[in-house]
Amino acid sequence: MSDFCADDLKTIYPAPTARVIAKARPEIDIHARKFIEMSPFCVLATSGSDGSVDASPRGGHPGFIHVEGPHTLLMPDRPGNNRIDSFKNIVEGSGLLQLIFFVPGIDETLRVGGSGTITTDPALLEAMKEFGKLPRAVLRIDVAEAYFHCGKALMRSKLWSRDTQVEREVFPSISQVIHDQTSLGEAETQVEVEARYKTQL
C-alpha cells in the first residue's frame with residue numbers, strides 16, 4: 001500500500017488545465033464515433049466484486065464495436081479461451097468498465113467509461129455476425145464519459161513505427177509458451193526450458 005495520499009500527489013503534479021477537464025464528454029460525439037468506427041482493437045477493463053481488476057484485448061474489423069447512439073455501444077464477444085473474466089466481473093461486480101480504443105497509425109487513443117450489461121438477443125447476435133460466425137453474447141455499454149488521450153505514450157513507445165517492430169521468431173509461439181508453462185515436470189525442467197529459450201533469442 002502506498003504512503004501517498006491525495007494531498008501528497010498535489011505536491012508532485014500540477015492541477016490539470018481547464019481544457020483537459022473540459023475534453024471529457026458525457027457522450028460519444030462525432031469525433032469519438034469516427035474514431036470507434038475506424039478502430040479494429042481496444043482494451044476492456046473491468047473490476048470484480050472482490051476488488052480484482054481485469055484488462056482484456058478485443059479486436060475485429062474496424063468498427064467491430066457498434067455505436068448505437070451517443071450513449072450506447074455494442075461489443076460482440078467472439079470465441080476465446082472461455083475464462084470470461086470480463087463478463088464475470090460485469091455480472092458479479094459493479095458493472096463499471098473502461099475501454100481504450102486504438103487506431104493503427106494514429107497516436108491518440110480514446111477512453112470510454114460507463115457500465116455494461118450482457119445480452120444474447122438472437123436478432124442482435126445475427127446483426128453482429130463477423131468472420132461468418134455469430135458472437136456468443138453482446139456487451140451493451142451505457143456510456144458515461146468519453147475523452148481522447150494525447151499521443152505521448154504511443155509516440156514515446158514508437159508503437160506504430162516499422163523500425164521498432166521485432167521479428168516474430170525472437171519470441172516463442174503462444175502454443176510453445178503454454179506448453180512450457182503447463183508441462184513442466186513431464187518432459188523438461190525449468191532450467192531446460194530456459195536453456196532452449198536462450199538459444200532462440
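**Strands, core and pocket in a predicted model**

Phenylalanine 131 is placed in the loop that lies between α5 (122-127) and β7. In this predicted model, the phi angle of phenylalanine 131 is near 60 degrees, which is a positive value in a residue other than glycine. Phenylalanine 131 has a relative accessible area of 54% and is therefore exposed, the threshold for that class being over 50%. A second case is asparagine 82, found in the loop between β4 and α4, where phi is near 65 degrees, again a positive value in a residue other than glycine. Asparagine 82 is likewise exposed, with a relative accessible area of 52%.

The chain as a whole contains 8 helices and 7 strands, and its C-alpha trace spans about 55 × 55 × 40 Å along the principal axes. Of the 201 residues in the chain, 29% are buried. When contacts between residues at least 6 apart in sequence are considered, 67% of them join residues that are at least 24 apart.

The pairing of strands can be followed from β5 to β7. Strand β5 (residues 96-102) pairs with strand β6 (residues 109-119) in the antiparallel sense, over 6 bridges. These two strands form a hairpin with 6 residues between them, and in the turn glycine 105 has a positive phi of about 95 degrees. Strand β6 is joined in turn to strand β7 (residues 137-149) by 11 bridges, and this pair also runs antiparallel. Within the pairing of β6 and β7, isoleucine 118 has leucine 139 of β7 as its bridge partner.

Leucine 97 illustrates how a residue of β5 is surrounded. Its relative accessibility is 3%, so leucine 97 counts as buried, a class that requires a value under 20%. In β6, glycine 114 is the residue that stands opposite leucine 97. Leaving out residues up to four places away in sequence, leucine 97 touches Leu44, Ala45, Thr46, Ile90, Val112, Gly113, Gly114, Ser115, Gly116, Leu139 and Ile141. For one of these residues, isoleucine 141, the C-alpha atom is separated from that of leucine 97 by 8.5 Å, although the two residues are 44 residues apart along the chain.

Threonine 109, placed in strand β6, is also buried, with a relative accessibility of 6%. Apart from residues up to four places away in sequence, threonine 109 touches Phe35, Ile100, Phe101, Phe102, Tyr147, Phe148, His149 and Leu154. The contact with phenylalanine 101 appears again from the other side, since the residues in contact with phenylalanine 101, leaving aside its neighbours within four places in sequence, are Phe35, Ile36, Ser39, Phe41, Cys42, Ile65, Leu73, Thr109, Leu110 and Val112.

Phenylalanine 101 also belongs to the largest nonpolar core, which has 24 residues and in which Ile28, Leu73, Leu99, Phe101 and Val112 have the most contacts inside the core. Two or more residues of this core are given by each of the elements α3 (30-38), β1 (41-47), β4 (72-77), α4 (85-92), β5, β6 and β7. The largest share, 5 residues, comes from β7.

Helix α4 has a buried side and an exposed side. Its buried residues are Ser86, Phe87, Asn89 and Ile90, and, because they fall within an arc of 160 degrees when seen down the axis of α4, they line one face of the helix. These buried residues pack against β1, β2 (53-59), β4, β5, β6 and β7. On the other side of α4, Val91 and Glu92 are exposed.

The space left open by the protein atoms was also examined. Rolling a probe the size of a water molecule over the atoms shows where empty space is left. The largest pocket holds about 560 Å³ of space. It is lined by 23 residues, and those closest to its centre are Ser56, Arg58, Asp77, Gly80 and Asn81. The elements that contribute two or more residues to the lining of the largest pocket are β2, β4 and α4. Among the contributions to this lining, that of β2 is the greatest, with 6 residues.

How values were computed:
Residues numbered from 1 in each chain as written. Predicted model: local features only at pLDDT ≥ 70, side-chain atom pairs only at ≥ 80, totals over all residues. Heavy atoms only, no water. Helix = DSSP H or I, 4+ residues; strand = E, 2+ residues; numbered from the N terminus. Buried < 20%, exposed > 50% of the residue type's maximum accessible area, 1.4 Å probe, protein only. Contact = heavy atoms within 4.5 Å. Pairing = 2+ DSSP bridges. Core = buried A, V, L, I, M, F, W, Y, C linked by side-chain atoms within 4.5 Å. Arc of directions from axis to C-beta. 1 Å grid on protein atoms, 1.4 Å probe; cavity = no way out; pocket = protein on both sides within 12 Å on 5 of 7 lines; lining within 4 Å. Points joined across faces, edges and corners; volume = space filled by probe spheres on them.
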